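Q: I've got a two-chain model open and I'd like to learn how to read it. Can we walk through it feature by feature?

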Amino acid sequence: MSYISKPKVAHPGMPKNKLGLTSRDYEGAVSTLCAGCGHDSVTAAIIQAVFELGIEPHMLAKMSGIGCSSKTPAYFVSQSHGFNSVHGRMPSVTTGANAANCDLTYIGVSGDGDSLSIGVGQFVHAIRRNVNMCYVIENNGVYGLTKGQFSASADVGSKAKKGAANNQEPIDPASTALALGATYIARSFSGDKEQLVPLLMGALTHRGFALVDIVSPCVTFNDHEGSTKSYAHTRQFYHHVIDMDYIPPAEEIKAAYAEGDAMPIEMHDGSTIVLRKVDKDYDLSSRASAFKYLRERFNAGEITTGLLYLDESRAEMHELSGNIETPLSQLPFDGLNPGNAELKKLQRRYR
Amino acid sequence: MATENDVVIKIGTVNGTGSASANGLLMKSIFRMGVPVVGKNYFPSNIQGLPTWYEIRVTGDGYQSRSNRVDIMVAMNAQTYAQDMAEVVPGGWLIYDSTWPRSQLLNRDDITVLGIPFSKLCNENFAGARARILMKNIAYVGAVAALLGIQLDVITALLEETFAAKAHLIESNMQAIRLGSDYANEHFDCPIATSVKPMDSTSKSIIMDGNTAAGLGCVYAGATVGAWYPITPSTSLMDAFRNFCARYRVDPESGKNKYCVIQAEDELAAIGMVIGASWNGARSFTPTSGPGISLMSEFIGYAYYAEIPTVIFNVQRTGPSTGMPTRTQQCDILSCAYASHGDTKHVLLFPANPEECFYTAPIAFDLSERLQTPVMVLSDLDIGMNDWMVPELEWDENYVPDRGKVLNAEQLEEMDNFYRYLDVDGDGIPYRSLPGVHPRGAYFTRGSGHTKLGAYTENSAEYQEVVDRLLVKWETARSMVPKPDIRYSKFNKAGIITIGSGDGACTEALDRLSAQDIGLNYCRIKAFPFSDEVGEFIQQHDVVYVVEQNRDGQLRTLLINDIEADQTKLVSLLHYNGMPINSGFVVDKVLEEIAKGRAA
């Protein structure tokens, strides 16, 4: 934990994105999380993803609930509006914000307590509405701020710091999202930036609800032997199924991909993601087979990661409700008010 | 005793049998004759099969509240026959379906019982079970029309308008009207002593319920995002908003909507959506009722502390807990005033009738955006769901929405530093920026302790500075909210204070007391925090009757708490049985108090 303010120094040779900004321009306040916290790695990956996508900082909205994970929006892109809401209610605030202004890119950062216990209802219904947002769950299986209680994502048999084993079935955000019809579902690990950054870029670009469930170990309360959300356990049982590369709009696919292994998919904004199948049997366009695969690997004690499901065809919230493309918050009052003559006319029905 | 245009007709039916349109037809016919009316619907929390009543008060004097008497009972529900008969005033009338015999035990000597074989008439003249049930309702309208002298051509005109697109229904409905009216004319001395005579007192009025008016008000106020979870008695507010939007807010070029209505998964989500949308610059609102306020409370406190405009319509129903969802009360005054944990208090507005529901909507949005805080409009089931005769609505074309202190891109560009919670103007209201406008406007919205510059803090002085500044804002709010409606009589020792739907009953009670040479001054409060005029009114009097519709005297408590009103002067007159308050209650209670020696 540090109270030192971060000096803003950019090396002249630092790479710049299409807006001419460096990654330093996407940083935030100094993290107050524990040293070695997985969440800080996720924050770094988010900074990298947003920088590489060249999102204008003020066109990003950072949303969160309550918990260690929900503090992190303060630690990236300080030139974006942040909304640290109440516990488990980030999805509703984001839904309303998105309803008012569809032009912004929304990233919601949540945790397993925030999304799978107190906020599971809002998590579920944001998926159902297909709110256009990137929904990150920093998943560590434990309540950090209240000192180490199991969360709803703790695996059966996983041990708490003082030795007690969890005996309740975990809620898996990825398979839950799959069952609910989420249109972009990814899982990754805070310690695998190479995999994580493109997954976040795809999620930020995807039109619709994009879930990125990230195993992000809690170094203080859940990184011991016997925990299934520790660094060591995650590294040991980590299983890549589909990795992806993100190709910005109007850029050619230059990297060499072996035939059959790579599958380019065009996103709505004109960018492309190239999927690299690690397991050739995996079909990310089928909810049924994806579910079966995830379940089988889970039963074998493995953590399946990568892009798990993608559907670019489904309409998102605004399209589903037939909304005008101009952000509602920017519509001039004149066009919203029917005027006195219309009021007179209307009232004939009430006589 | 012959009376004119002063009669109460109550119709007892079974819910789900389509009697609502028949009752509406009867009331509107009287209204169209130029005679003021009051309609009250007493319905069960049920879809089909339970008793339901509709009460039409014909009031040539143009009063707005219900009456506590029934002159003519149309007892169409055998289940409630005994109860319905008992309610009729001595000298009154009871109409029943004489197709089947009724128990002689239920007779009363002091009323006139009129049997009309509605079922038999309809079975003979209409085919199909559904049509027969529906037409039975229309037939009693015909019978009541004949008994009261309501003009058939007025009814015909109304039916022609209603069924303009379905001509065959006009004829069948008129046939049913004639079945009832012909039978009454043949068998009884029509019209009876209590009759309806044409007047010219309704030409500048409409009949509308408060939820429709509030929904329309939200359209006119420029609201674009509505989120709600269905709850009686507020649901029809969002239905109205959505229907008016479908009419007025579809872009003619693209066919796309210039509004977004979201049915939330619960009230916690509904208020979260409103806060998110308002934070992002849209005028946004949620309609709800008491249980919804309980669920929203955490977020309401957030919006208070993070200073985000939030508009809530609370159409109050009878509590506590589930209470009686289809009955009325003013029982959420305290839970709204202080909703949420910690030190919070919220601006409340109290419309008295549907007309004020319409005009209160833009005021609520203006105040909420100007003050950057939740504003709750406290309506109730009586206002929200009943049909009221109110003056025709007018829209002031010069209205410009007050969006409050929102910095635009140019203003932000010129600033060296933007601090979200700095009281620049000394009125306790800081400046805000909207996302997506300018990188310099960025700030971190949080419900955790923050400094006046917007940074996180656990420092006592920094924390206190902000919550103290919110009190400055509270006093600014006090000067901005609508002032009370104060009326003086010729005496100045005792007064009545009420809010919201208590207005109609109190106004009428003042007339009736005045006729007995009891003069009371009147103060109808329109908002919380209370304007200075409210405190002055209390100070001027020796005794002030506080008339409200809850058990615990919540308004009285709030007066004592907010402006330190002298509690020894404040005498509660409480009506909380779930029925709308009536003037008789107020008159009786005031007289009781006077008899006890409370009045000066």
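Q: Let's start where the chains meet. In what sense do E2(A) and strand E19 of chain B pair, and over how many bridges?
A: Keep in mind that this is a predicted model. To read a strand pair, look at the sense of the two strands and count the bridges. Here E2(A) and E19(B), residues 444–446, run in the parallel sense, with three bridges between them. For one rung of that ladder, find A:Phe83, whose bridge partner in E19(B) is B:Thr445.

Q: So which sheet holds E19(B)?
A: Read a sheet by walking across it, strand by strand. This one is an open sheet of 11 strands with mixed pairing, in the order E10(A)-E11(A)-E9(A)-E12(A)-E7(A)-E8(A)-E4(A)-E3(A)-E1(A)-E2(A)-E19(B). The edges are E10 of chain A and E19 of chain B, each of which pairs on one side only. On average, neighbouring strands are turned by 20° against each other, direction ignored.

Q: How many residues does each chain give to the contact?
A: Chain A puts in 47 residues and chain B 54 residues. On the chain A side, the elements giving two or more residues are strand E2 (81–84), helix H3 (90–100), helix H5 (120–129) and helix H11 (340–347). The largest share, eight residues, belongs to H3(A). By class, the chain A side splits into 19 nonpolar, 25 polar and three charged residues.

Q: Back to the chain A end of that sheet. How do E9(A) and E11(A) run relative to each other?
A: They run antiparallel: strand E9 (residues 238–247) is joined to strand E11 (residues 272–277) by six bridges. One partner pair to click on is A:Ile242 with A:Lys277 in E11(A). On to the next pair: strand E10 (residues 262–266) of chain A and E11(A) are also antiparallel, over five bridges. There, A:Ala262 faces A:Arg276, and A:Glu266 is opposite A:Thr272.

Q: What should I look for in the turn of the hairpin of E10(A) and E11(A)?
A: Count the residues between the strands, then check the backbone angles. This hairpin has five residues between its strands, and A:Gly270 takes a positive phi near 95°.

Q: Which residue other than glycine has a positive phi?
A: Most residues other than glycine have a negative phi, so a positive one deserves a look. A:Lys147 is such a case, with phi near 75°. You'll find A:Lys147 in the loop between strand E5 (142–143) and strand E6 (149–150) of chain A.

Q: How do I read a helix lying on a sheet? Which strands does helix H6 of chain A lie across?
A: Ask which strands the helix covers, then at what angle the helix runs. H6(A), residues 173–180, lies across strands E4 (133–139), E7 (184–189), E8 (209–215) and E12 (303–310) of chain A, at about 160° to E8(A).

Q: Where do I find a similar exercise in chain B?
A: Try the open sheet of seven strands, ordered E11-E10-E12-E13-E15-E14-E23, with mixed pairing. Its edge strands are E11 (260–263) and E23 (527–528) of chain B. Inside the sheet, E13 (residues 310–316) and E15 (residues 374–380) of chain B run parallel, joined by seven bridges, and B:Gln316 stands opposite B:Asp380. Helix H12 (residues 354–371) of chain B lies across E13, E14 (347–349) and E15, at about 160° to E15(B).

Q: And two helices packed together: at what angle do H1 and H5 of chain B cross?
A: The axes of H1(B), residues 19–32, and H5(B), residues 152–162, come within 9 Å and cross at roughly 120°. That angle is why H1(B) counts as oblique to H5(B). The crossing is right-handed. From H1(B), B:Leu25, B:Lys28, B:Ser29 and B:Arg32 meet B:Val154, B:Ile155 and B:Leu158 of H5(B). By class, this contact has four nonpolar, one polar and two charged residues.

Q: Last one: where are the cis peptide bonds?
A: Most peptide bonds are trans, so a cis one is worth flagging. One joins B:Cys190 and B:Pro191, with omega about -10°; B:Pro191 sits in the loop between helix H6 (167–187) and strand E8 (194–195) of chain B. Another joins B:Thr232 and B:Pro233, with omega about 5°, and B:Pro233 is in the loop between strand E10 (225–228) and helix H8 (235–248) of chain B.

Notes. Residues are numbered from 1 along each chain as its sequence is written. Chains are lettered from A and ligands numbered from 1 in the order in which they are written. This is a predicted model: local features need pLDDT of at least 70, side-chain atom pairs count only at pLDDT 80 or more; totals for chains, interfaces and linings use all residues. Two residues are in contact if their C-beta atoms, placed from the backbone, lie within 7 Å. Helices (H or I, at least four residues) and strands (E, at least two) are DSSP runs, numbered from the N terminus. Ala, Val, Leu, Ile, Met, Phe, Trp, Tyr, Cys and Pro count as nonpolar, Asp, Glu, Lys and Arg as charged, and the others, Gly among them, as polar. Two strands pair if DSSP finds at least two bridges between them. Axes are lines fitted to C-alpha atoms, for helices over the stretch in contact, and angles run from 0 to 180 degrees between N-to-C directions. Angles under 35 degrees count as roughly parallel, over 145 as roughly antiparallel, 65 to 115 as roughly perpendicular and the rest as oblique. A crossing is left-handed if the near helix is turned anticlockwise from the far one by less than a right angle, and right-handed if clockwise.
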